[in-house]
Amino acid sequence: MIRSLFDGPSYQWGTSWFGWNFAGNGTEGDFLLLPFMVLIGFIALWTGRRRIDAIFVPLLLLLGIVYLVDGLYLLFADNGDYWFHGDTLGIHVNLAYAVPISAALMLVASLIWIRNREPALTVSMKPLNWILIGGALSLLPLQYWLLSSGSGQDSYDSIGVMLTIGQWVAFSFGMKQVGARSDHVLEA
């Protein structure tokens, strides 16, 4: 979504779900799918990191089942021809077998975690949480400059993509419970 917003129409993206293809250039085409997917990601991240199990557990199971069924569909319907193309960083990987296998493993791990999880202990946001989240958000102007200045495949775009990956890592850790002391949550 960051690339679509900051690169504009020069950035082409695409994905498929159960045989339906979604694609666009920048914010054109099926762009509204991207904010929807980001919203689901934020909800999963927030509820998972903050231990809001009433939302996170059903969402985790639903996403696990959807990814597994979609992965199996792509494996059999596309005859093993399902590729990830990351043109900016030059990554091209066939995911036909990796998607259903990893989805199945994650679903099994999720079921084991749900069965054995400790009771939820919610802790309020600490200054470190806000520093990490603020740091992640403070990268947006630099990302905009890099991605809008680049030609789509140059070093500006590569650095912008790497910043986006780092931004998500910092944002994820910013959602984590920090400073909780109990038998159930380790201090970060």
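Here are a few friendly notes on the salt bridges and the hairpin in this predicted model.

1. Let me start with the overall tally. Searching the whole structure turns up three salt bridges. Arg 3, Asp 7 and Asp 157 are linked in a network of them, and there is also a salt bridge between the side chains of Arg 117 and Asp 53.

2. The local contact is a good place to begin looking. Arg 3 pairs with Asp 7, and their closest N and O atoms are 2.7 Å apart. Both residues sit in helix α1 (residues 2–7), and because they are four residues apart there, about one helical turn separates them.

3. Arg 3 has a second partner, Asp 157, with an N to O distance of 3.8 Å. This pair links distant parts of the chain, as Arg 3 belongs to helix α1 and Asp 157 to helix α7 (residues 155–175), 154 residues apart. If you display the two contacts together, you will see the network of Arg 3, Asp 7 and Asp 157.

4. Is this network buried or exposed at Arg 3? Arg 3 has a relative accessibility of 11%, so it counts as buried. Asp 7 is buried as well, with a relative accessible area of 11%. Asp 157 is likewise buried, as is its partner Arg 3.

5. Now for the bridge between Arg 117 and Asp 53, where N and O are 3.0 Å apart. Arg 117 is found in the loop between α4 (98–116) and α5 (127–138), while Asp 53 is in helix α3 (residues 53–77), so the pair ties together parts that are 64 residues apart in sequence.

6. How accessible are the two ends of that bridge, Arg 117 and Asp 53? Arg 117 counts as partly exposed because its relative accessibility is 30%, and the cut-off for buried is under 20%. Asp 53 has a relative accessible area of 13% and is therefore buried.

7. Finally, do have a look at the strands. β1 (residues 12–17) and β2 (residues 20–25) run antiparallel and are joined by six bridges. As one point of register to check on screen, Gly 14 has Ala 23 in β2 as its bridge partner.

8. The turn deserves a glance too. Two residues lie between β1 and β2, which form a hairpin. What is the sign of phi at Phe 18 in the turn? Phe 18 has a positive phi of about 50°. When you look along the strands, remember that side chains in a regular strand alternate between the two faces of the sheet.

Definitions and conventions. Residues numbered from 1 in each chain as written. Predicted model: local features only at pLDDT ≥ 70, side-chain atom pairs only at ≥ 80, totals over all residues. Heavy atoms only, no water. Salt bridge = Lys/Arg side-chain N within 4 Å of Asp/Glu carboxyl O. Buried < 20%, exposed > 50% of the residue type's maximum accessible area, 1.4 Å probe, protein only. Pairing = 2+ DSSP bridges.
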